[in-house]
Amino acid sequence: GVIMGVLIINLLSPAPMIRWSKKILLTNWRVSNIYYPTLHQSSSDAGDIEQSLQLSSQKDCGSPMKALCLRTISEANYQITSFKIEAVAYILRVNQDANPTGTFIVPLKLLRSENVLYHQFGACHIIDDTSPLHRLLKDDKLGSIDRIVCKATYHDPRFKADVVSYHTYWSKDIEKDAVFRPMVQAGPGEDVHMSWNNRTYDHADMDAYDRQRKSDVLPSHPFPTGIC
């Protein structure tokens with residue numbers, strides 16, 4: 001009876017309908033005073049928002065930075081809601097002989113970590129001086145990241161249930177000096193608003209990215225087309 005009950009619950013529970021990008025990209029970008037304050041935008045604390053604005057004003061517009069970027073898409077043919085994503089990094093501990101002795105876990109604050117409605121989503125962790133990865137980047141030791149574990153939660157209105165999806169990016173899944181190719185295409189319209197609202201998406205480009213060369217002009221946001 002207990003086994004049958006477990007089977008029934010599993011059958012009735014919705015399966016995660018989130019697809020994660022195969023790679024997580026280490027993207028080069030330049031600071032923009034338009035986008036940088038949104039680092040704390042998911043926080044409801046006024047102090048955090050004020051602090052982020054002060055922080056952005058201290059940055060030189062155009063300063064090069066790096067961000068870890070990932071993408072997800074919904075495989076549901078209906079709208080899912082209340083999407084939220086979290087991430088933690090597992091960093092290798094090594095001894096004086098450079099042999100691994102364990103790991104320690106650090107949370108990664110994500111830019112655009114929540115969305116009321118969800119169809120496709122891009123999230124990134126800005127590696128600035130507040131990031132737990134800042135020292136690793138400065139010391140050229142980002143290779144000591146063993147893995148990045150992500151969790152997405154959302155509400156499935158068809159099943160009227162909250163669903164959780166997990167994904168792990170291992171060290172081999174981190175692509176350096178790369179930027180995601182846009183999945184969005186603006187549609188027809190009499191003005192920019194109508195054109196954007198008539199946009200279409202090509203999820204075939206979910207994992208598409210371009211290599212960044214030193215001669216490239218850096219984008220002013222880790223995702224050149226925003227969350228898409």
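The exercises below, each with a worked solution, concern a predicted model of a single protein chain.

**Exercise 1. Describe the overall make-up of the chain, from secondary structure to burial and contact range.**

Solution. Begin with the secondary structure, where the chain has four helices and 14 strands. Turn next to burial: of the 228 residues of the chain, 38% count as buried. Finally, consider the contacts in the chain with a separation of 6 or more, of which 72% are accounted for by residues 24 or more positions apart.

**Exercise 2. Identify the nonpolar cores and state which strands supply the largest of them.**

Solution. The largest nonpolar core has 31 residues, and those with the most contacts inside it are Trp 20, Leu 68, Leu 70, Ile 85, Leu 133, Ile 145 and Ile 148. At least two residues of this core come from each of β1 (18-20), β2 (24-30), β3, β4, β7 (120-127), β8 (145-156) and β9 (161-170). Among the contributors, β4 gives the most to this core, with six residues. A second, separate core has 12 residues, including Trp 29, Ile 126, Ala 178 and Phe 223. As background to both cores, nonpolar side chains in soluble globular proteins tend to be buried together.

To look at one member of the larger core in detail, take Leu 133: leaving aside residues up to four places away in sequence, Leu 133 touches Leu 68, Ala 89, Ile 91, Leu 108, His 125, Ile 127, Leu 142 and Ile 145.

**Exercise 3. Determine how many cavities of 30 Å³ or more the structure holds, and characterise the lining of the largest cavity.**

Solution. The structure holds two cavities of 30 Å³ or more, and the largest cavity contains about 40 Å³ of space. The residues that line this largest cavity are Ile 24, Leu 68, Leu 70, Ala 87, Leu 108, Leu 110, His 125 and Ile 148. Sorted by class, the lining has seven nonpolar residues, one polar residue and no charged residues; the polar one is His 125, because histidine falls outside both the nonpolar and the charged lists.

**Exercise 4. Compare the surroundings of Val 88 and Tyr 78, giving for each the location, the burial class and the contacts.**

Solution. Val 88 lies in strand β4, which spans residues 80-94. Its relative accessibility is 25%, so Val 88 counts as partly exposed, this class lying between the 20% and 50% limits. Beyond residues up to four places away in sequence, Val 88 touches Ile 105, Val 106, Pro 107, Leu 108, Arg 147, Ile 148 and Val 149. The C-alpha atoms of Val 88 and Thr 168 are separated by 9.8 Å, although these residues are 80 residues apart along the chain.

Tyr 78, by contrast, is found in the loop between β3 (64-74) and β4. Tyr 78 counts as buried because its relative accessibility is 17%, and the class requires a value under 20%. With residues up to four places away in sequence again set aside, the partners that Tyr 78 touches are Met 17, Asp 156, Pro 157, Arg 158 and Phe 159. With one of these, Asp 156, the side chain of Tyr 78 also makes a polar contact of 2.9 Å. Tyr 78 and Arg 158 are 80 residues apart in sequence, and their C-alpha atoms are 8.3 Å apart in space.

**Exercise 5. Locate Gln 212 and Asp 146, and establish for each whether the residue is buried or exposed.**

Solution. Gln 212 is placed in the segment after β14 (209-211), and with a relative accessible area of 12% Gln 212 is buried. A polar atom of the Gln 212 side chain lies 2.8 Å from the backbone nitrogen of Asn 28. Asp 146 is found in strand β8 and is likewise buried, with a relative accessible area of 19%. Not counting residues up to four places away in sequence, Asp 146 touches Tyr 90, Leu 92, Trp 170 and Ser 171.

**Exercise 6. Examine the positive phi values of Ala 98 and Lys 160, and give the setting of each residue.**

Solution. The background is that most residues other than glycine have a negative phi. Ala 98 has a positive phi of about 65° although it is not a glycine; Ala 98 sits in the loop between β4 and β5 (100-107) and, at 57% relative accessibility, counts as exposed. For Lys 160, phi is near 50°, again a positive value in a residue other than glycine. Lys 160 lies in the loop between β8 and β9, and its relative accessibility of 71% means that Lys 160 counts as exposed.

Terms used:
Residues are numbered from 1 along each chain as its sequence is written. This is a predicted model: local features need pLDDT of at least 70, side-chain atom pairs count only at pLDDT 80 or more; totals for chains, interfaces and linings use all residues. Side-chain values use heavy atoms; hydrogens and water are left out. Buried means under 20% relative accessible area, exposed over 50%, partly exposed in between (1.4 Å probe, protein chains only). Contact means heavy atoms within 4.5 Å. A polar contact is a pair of N or O atoms within 3.5 Å; within protein, one must be able to donate a hydrogen and the other to accept it, and residues adjacent in sequence count only if both atoms are side-chain atoms. On a 1 Å grid over the protein atoms alone, a cavity is a set of points where a 1.4 Å probe fits but cannot get out, and a pocket is an open set with protein on both sides within 12 Å along at least five of seven lines; lining residues have an atom within 4 Å of a point. Grid points are joined across faces, edges and corners, and a volume is the space filled by probe spheres set on the points. A nonpolar core is a set of buried Ala, Val, Leu, Ile, Met, Phe, Trp, Tyr and Cys residues joined through side-chain atoms within 4.5 Å.
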